[in-house]
Amino acid sequence: NKLIKFYEGCDGGKTGYTAEAGHCVAATAKRGNMRLIAVVVSAPDSKTRFKEASSLFNYGFANYTNKMIVDSSTPLNAKVNVRGGVAKETQVIPEKDYFSFSQKNSEEEFRIEFNPSGVRAPVAKGDVVGELVVYKNNEEVARINCLAFGDVPEKSYFGYVADIMQEWGI
């Protein structure tokens with residue numbers, strides 16, 4: 001497949017030919033966080049099918065983008081209250097990334113709401129502690145679980161006693 005050899009980012013594809021469908025190719029290319037698929041059917045010859053697939057990729061990469069809206073590698077600014085834990089709250093992190101595929105320079109408005117769950121200790125890193133709701137132009141487009149970023153052990157009896165003593169100034 002000449003696309004894999006000569007087109008930047010092309011990492012897979014399948015060519016074919018039948019008398020009815022002509023020369024065909026289905027290929028995929030990735031640049032950054034955006035993957036495109038090009039399908040060409042009924043090209044008159046092999047050279048044309050690769051040229052047309054390249055043109056489709058060029059058009060897609062030049063005119064579209066895949067914007068990261070939610071990043072699963074970064075904890076959120078929001079925290080979740082933890083009842084009965086040695087810590088009163090824990091940081092949260094999205095379970096997965098969310099991208100928006102759109103035309104470059106398009107006017108889109110995103111709003112993200114965080115809905116925490118009622119959380120009681122013990123909490124283990126990775127436990128679901130809430131949910132993000134992603135809105136694009138005021139329309140819901142995704143729901144993403146939020147996970148505890150760290151462990152919060154359950155407070156012991158002596159922890160409660162220490163809290164009471166601290167409140168009383170003892």
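Start at the segment after helix H3 (157–167) and select Ile170, which is found there. The model is predicted.

Colour Ile170 by relative accessibility. The value is 65%, so Ile170 counts as exposed, the cut-off for that class being over 50%.

Next, keep Ile170 selected and add Ile164, Met165 and Trp168. Together these four residues make a nonpolar surface patch of about 470 Å². Show the patch as a surface; Trp168 is one of the side chains to pick out in it.

Now clear the selection and switch to a cartoon of the whole protein. There are 3 helices and 11 strands to find. Trace them from the N terminus: the order is α-β-β-β-α-β-β-β-β-β-β-β-β-α. The radius of gyration is 26 Å, whereas the globule rule gives 15 Å for 170 residues; the former is well over the latter, so the protein is more spread out than a compact globule.

To view the extent, align the principal axes with the screen. Taken along those axes, the C-alpha atoms fill a box of roughly 90 × 30 × 25 Å.

Then select residues by burial. Of the 170 residues in the protein, 31% are buried, with under 20% relative accessible area as the cut-off.

Turn on the accessible surface for the whole protein. The total comes to about 10,800 Å², and carbon and sulfur atoms hold 50% of it.

Last, draw the contacts with a separation of 6 or more. Among these, 53% are between residues 24 or more positions apart.

Key:
Residues are numbered from 1 along each chain as its sequence is written. This is a predicted model: local features need pLDDT of at least 70, side-chain atom pairs count only at pLDDT 80 or more; totals for chains, interfaces and linings use all residues. Side-chain values use heavy atoms; hydrogens and water are left out. Patches are made of residues with over 30% relative accessible area and no salt bridge: like charges are joined within 9 Å, nonpolar side chains (Val, Leu, Ile, Met, Phe, Trp, Tyr) within 5 Å. Accessible areas come from the Shrake-Rupley method with a 1.4 Å probe; for residues, only the protein chains shown count as cover. Helices (H or I, at least four residues) and strands (E, at least two) are DSSP runs, numbered from the N terminus. Buried means under 20% relative accessible area, exposed over 50%, partly exposed in between (1.4 Å probe, protein chains only). The radius of gyration is taken over C-alpha atoms; the globule rule is 2.2 Å times the number of residues to the power 0.38. Contact means heavy atoms within 4.5 Å.
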